Amino acid sequence: MPSRDEGIALLRRVSSRRSTPPRHLTVPGPTDDEIRMLVRAAARAPDHLHLKPFRFQVIAPDMRESLADVFEAAERELDPAMTGEKLERARKKAHHAPVLLAVISRVQENDAVPEIEQRASAGAALGYVLLGADLLGYGAMAVSGRRLTTRAMRSAFGLAGNEELLCFVGIGTAAKGRGEPPEPDPDLLQTWPPITGQTI
Ligand SMILES: Cc1cc2nc3c(=O)[nH]c(=O)nc-3n(C[C@H](O)[C@H](O)[C@H](O)COP(=O)(O)O)c2cc1C
């Protein structure tokens, strides 16, 4: 159990997290043990009735070229006329970041746990992975794009009918710092019932 001072230091760290685009992530990336630590943290995301509304797939390091093939197939599916440079750009993204983690959201029919709660749970799990990566000293970023919904991607990731690819998380060593994050919106926290102009 961290002391309160350690807790405050951790919270400061959480409050200053920034994303690093995958193209700016270099080696070293997290080790297998570290990836397992991140997924363990994600497993502590709030999860009503423990429905496990998310799962992860780590892209095998020697399968990036196969992932590039899938990205290309996905782009062709979205735009059969796509050629050359654009396809090459899509393929390249499969090679960014030393570690790529696919985040899969899974919604089950449940009277007590509506869809919004299950999606929120997957979002929280993603957040824990990003925070965990930051705490281990890595840069990371969630990335998505229209290609995630294609048949090519769904088939490559073996998604069941109630599953969706939420995003990929690129994790690695940040080649350059991102600076301080913007100040949170002052309206982020308000009292209820609302008192005009008052923030905490
Ligand atoms: C599920 C999910 C998918 C995202 N996909 C993209 C994306 O494809 N491209 C992008 O620029 N940002 C994407 N973002 C936002 C970035 O991950 C990041 O949060 C944003 O650039 C703000 O940077 P910051 O985290 O440093 O504030 C996504 C965020 C989430 C939660």
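Where is the place of Lys52? Lys52 sits in the loop between helix 2 and strand 2. That loop is one of several spots visited below.

## Overall picture

This is a predicted model. The protein has six helices and five strands. Read from the N terminus, the elements run α-β-α-β-α-α-β-α-β-α-β. A helix therefore opens the order and a strand ends it, as the run α-β-α-β-α-α-β-α-β-α-β shows.

The C-alpha atoms fill a box of roughly 55 × 45 × 35 Å, taken along the principal axes. The protein has 200 residues, and buried residues make up 24% of them. Now take the contacts with a separation of 6 or more. Residues 24 or more positions apart account for 80% of these.

## The ligand and its shell

Which residues surround the ligand? The shell begins, in sequence order, with Arg18 and Ser19. Then come Met141, Ala142, Val143, Ser144 and Gly145. Leu166, Cys167 and Pro181 complete the list.

Two strands deserve a look here. Strand 4 spans 139–143 and strand 5 spans 163–174, and each supplies at least two residues of the shell. Strand 4 gives the largest share, three residues. By class, the shell around the ligand has six nonpolar, three polar and one charged residue.

## Helix 2 against helix 5

Helix 2 covers residues 32–42, and helix 5 covers residues 115–135. The two pack at an angle of about 140 degrees. Their axes are 8 Å apart. Why is helix 2 called oblique to helix 5? An angle must be over 145 degrees to count as roughly antiparallel, and about 140 degrees falls short of that, so helix 2 is oblique to helix 5. The crossing of helix 2 and helix 5 is right-handed.

Helix 2 brings Met37, Leu38, Ala41 and Ala42 to the contact. Helix 5 brings Ala125, Tyr128, Val129, Gly132 and Ala133. How do these residues divide by class? The contact of helix 2 with helix 5 has eight nonpolar residues, one polar and no charged.

## Helix 3 against helix 4

Helix 3 covers residues 64–78, and helix 4 covers residues 84–93. These helices pack at an angle of about 140 degrees, with axes 8 Å apart. Helix 3 and helix 4 are therefore oblique to each other. Their crossing is right-handed.

From helix 3, the residues in the contact are Ala68, Phe71, Glu72 and Glu75. They meet Lys86, Leu87, Ala90, Arg91 and Lys93 in helix 4. The contact of helix 3 with helix 4 divides into four nonpolar, no polar and five charged residues.

## Arg13 in helix 1

Arg13 belongs to helix 1, residues 4–15. Is Arg13 buried or exposed? Arg13 has 12 C-beta neighbours inside 10 Å, so it counts as exposed. The cut-off for exposed is 12 or fewer.

Arg13 also links distant parts of the sequence. Leaving out residues up to four places away in sequence, Arg13 touches Asp134 and Leu135. Leu131 is 118 residues from Arg13 in sequence. In space, the two are 8.7 Å apart, C-alpha to C-alpha.

## Backbone details

Most residues other than glycine have a negative phi, and most peptide bonds are trans. His50 has a positive phi, near 50 degrees. Lys52 has a positive phi too, near 55 degrees. His50 is found in the loop between helix 2 and strand 2, which spans 54–58. Lys52 has its place in the loop between helix 2 and strand 2. His50 counts as exposed, because it has 8 C-beta neighbours inside 10 Å. Lys52 is partly exposed, with 15 other C-beta atoms within 10 Å.

Which residues does a cis peptide bond with omega of about -5 degrees join? Val27 and Pro28 are joined in this way. Pro28 lies in the loop between strand 1, residues 25–26, and helix 2. The peptide bond from Trp192 to Pro193 is also cis, with omega near -5 degrees. Pro193 lies in the segment after strand 5.

Note on methods. Residues numbered from 1 in each chain as written. Predicted model: local features only at pLDDT ≥ 70, side-chain atom pairs only at ≥ 80, totals over all residues. Near = placed C-beta within 6 Å. Helix = DSSP H or I, 4+ residues; strand = E, 2+ residues; numbered from the N terminus. Nonpolar A, V, L, I, M, F, W, Y, C, P; charged D, E, K, R; others polar. Buried ≥ 20, exposed ≤ 12 C-beta atoms within 10 Å, placed from the backbone. Contact = placed C-beta atoms within 7 Å. Axes fitted to C-alpha atoms, helices over the stretch in contact; angles between N-to-C directions. Parallel < 35°, antiparallel > 145°, perpendicular 65-115°, else oblique. Left-handed = near helix turned anticlockwise from the far one by under 90°.
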